[in-house]
Amino acid sequence: MNAAAHHDHWRETLQRVGQRLTSTPPYRESGRIVRATGLVLEAVGLRIPLGSGCRIELAGRGFAEAQVVGFAGERLYLMPLAELHGLTPGARVLPLADEGGTRRFPLGETLLGRVVDGNGVPLDGGAALGDCPHGGLDSAPLNPMDRAPIDTPIDVGIRAINALLTIGRGQRMGLFAGSGVGKSVLLGMMARYTSADVIVVGLIGERGREVKEFIEHILGPEGRRRAVVVAAPADTSPLQRLQGAAYATRLAEGFRDAGHNVLLIMDSLTRYAMAQREIALAIGEPPATKGYPPSVFAKLPGLVERAGNGAPGSGSITAFYTVLTEGDDQQDPIADAARAILDGHVVLSRPLAEAGHYPAIDIEASISRAMTQLVPTAQLRRAQRFKQLFSLYQRNRDLIGVGAYSPGHDPQLDQAVQLYPRLQALLRQDINECAGLQDAHGALTHLIGDPP
């Protein structure tokens, strides 16, 4: 290399170094931990916005990520995203380097077929997701006047739902159930048999064992190919569980904005509410209803309203949120709040499950609020007639069982008794059986005929 070329090389190197120095801030802001009690850490010396991310220095263990969940005076309340080991008094706290302290997550079609945690880190042993598009979890709320109406049925592959509780694209439904009545199996059947283009599954606060079982045995290879699974099990921090639900919703929004019809399955909304309760109580918010602080009931509609239809011509998010009814109590505060903000609910019955009736859908207690806009009037009347006959038989079940019923006195009851085995058969479905929308409507028409 001659002298002139050598000189030019060093000049370019110095210019690059100078540009980097110019863009580097003159100082690095940091704070320190002054208190650690329970789930919450208190820090001083930092002024960063609520919801921002930061890093906490650990003794000999690198850094741990945390999020600002509150403040009082000059003190910030931080909650770590994972259990801390090696935290010392006075540990340094550094804001995230990203603009505004916002954490960014992998998004887009690269995630189809993948299983990730609430941070977007792969759990399936596959390739890292560093090259795919990244973005924050927040999204601008949709103007309700810009949303497309719910006017197109969506096939979920479940005969009882397709025929009697027809659901539309963009509808938000609740699946109300106690533990052990088959809700995970029902969700897996819908994920495999639905006509939606993309499935996003959020497993929030459930047992870690259920994550692999749901993916391998319930969702299966067929469902997994077009699905993204976000898993934040019960042993993760409450912040991770909140983040997992927001991340699953953000993924669904991305697919919807790309023009896809998305089925979003969130299991469960109750665990999401419990995670928010843990955070709120830890930072001193007073409990209000059965131990739930007011912020819990403010968070629920904020999450649910992000689902639904986009603008006309774009995609949709049809959402199923499971709600755990403690002791099968339908008046649980979370169940009550969810029922008010959702577009219908499917109730699973423990007595039906114990009797071997699967799926254990209590058709009398379930409703789809959008069904009247989705099916012809004749089909709606058939569904109503089915429920009338089924309910009439249930009300007289004890009399029939003890032999006090005699035919000929009530024509309606006579018809209900005659048709009851076929009514039950329509509601039952094997786990490996797919009942499409047209087949379900045809079966109902064949059973009920044309009601008067």
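How do the residues of the lining of the largest cavity divide into nonpolar, polar and charged? Three are nonpolar, one is polar and three are charged. Before going further, keep in mind that this is a predicted model.

**The cavity**

Let's stay with that cavity for a moment. Searching the whole structure for cavities of 30 Å³ or more turns up one. The largest cavity has a volume of about 50 Å³. Its lining is made up of Ser184, Leu203, Glu206, Glu210, Val211, Phe214 and Asp267. Helix α4, spanning residues 208-224, gives the largest share of that lining, with three residues.

**The barrel**

Now to the strands. In general, strands of a sheet pair through backbone hydrogen bonds, and the pairing can be parallel or antiparallel. Here, six strands make a closed barrel in the order β1-β2-β5-β4-β3-β6, and the pairing is antiparallel. On average, neighbouring strands of this sheet are turned by 45 degrees against each other, ignoring direction.

A good place to get into the barrel is strand β2, residues 40-44, which is mostly covered: four of its five residues are buried. β2 pairs with strand β1 (residues 31-37) in the antiparallel sense, over five bridges. In that pairing, Arg35 has Glu42 in β2 as its bridge partner. The two strands form a hairpin, with two residues between them. If you look at the turn, you'll find Gly38 there, with a positive phi of about 60 degrees.

β2 is also joined to strand β5 (residues 75-80), this time by three bridges, and these two run antiparallel. Glu42 turns up again here, with Tyr77 as its bridge partner in β5. Elsewhere in the barrel, strand β3 (residues 53-58) pairs with strand β4 (residues 62-72) in the antiparallel sense over six bridges. There, Glu57 is matched with Phe63 in β4.

**Strand β16 and its partners**

What about strand β16, residues 344-347: which of its residues are buried? Gly344 and Val346 are buried on one side, and His345 and Val347 are buried on the other, so to speak leaving both faces covered. β16 runs parallel to strand β10 (residues 172-177), and three bridges join them. With strand β17 (residues 367-368), β16 pairs in the antiparallel sense over two bridges. His345 is a handy residue to follow: Gly174 stands opposite His345, and in β17 the bridge partner of His345 is Ile367.

Here are the strand pairs side by side:

| Strand pair | Direction | Bridges |
|---|---|---|
| β1 and β2 | antiparallel | five bridges |
| β2 and β5 | antiparallel | three bridges |
| β3 and β4 | antiparallel | six bridges |
| β10 and β16 | parallel | three bridges |
| β16 and β17 | antiparallel | two bridges |

**Pro106**

One last stop. Where does Pro106 sit? Its place is in strand β7, residues 105-106. Is Pro106 buried or exposed? With a relative accessible area of 4%, Pro106 counts as buried, because the cut-off for buried is under 20%. Leaving out residues up to four places away in sequence, Pro106 touches Leu111, Asn119, Gly120, Leu129, Cys132, Pro133, His134, Tyr247 and Leu251. As for Glu83, 23 residues away from Pro106 along the chain, the C-alpha atoms of the two are separated by 23 Å.

Terms used
Residues are numbered from 1 along each chain as its sequence is written. This is a predicted model: local features need pLDDT of at least 70, side-chain atom pairs count only at pLDDT 80 or more; totals for chains, interfaces and linings use all residues. Side-chain values use heavy atoms; hydrogens and water are left out. Buried means under 20% relative accessible area, exposed over 50%, partly exposed in between (1.4 Å probe, protein chains only). Two strands pair if DSSP finds at least two bridges between them. Axes are lines fitted to C-alpha atoms, for helices over the stretch in contact, and angles run from 0 to 180 degrees between N-to-C directions. On a 1 Å grid over the protein atoms alone, a cavity is a set of points where a 1.4 Å probe fits but cannot get out, and a pocket is an open set with protein on both sides within 12 Å along at least five of seven lines; lining residues have an atom within 4 Å of a point. Grid points are joined across faces, edges and corners, and a volume is the space filled by probe spheres set on the points. Ala, Val, Leu, Ile, Met, Phe, Trp, Tyr, Cys and Pro count as nonpolar, Asp, Glu, Lys and Arg as charged, and the others, Gly among them, as polar. Contact means heavy atoms within 4.5 Å.
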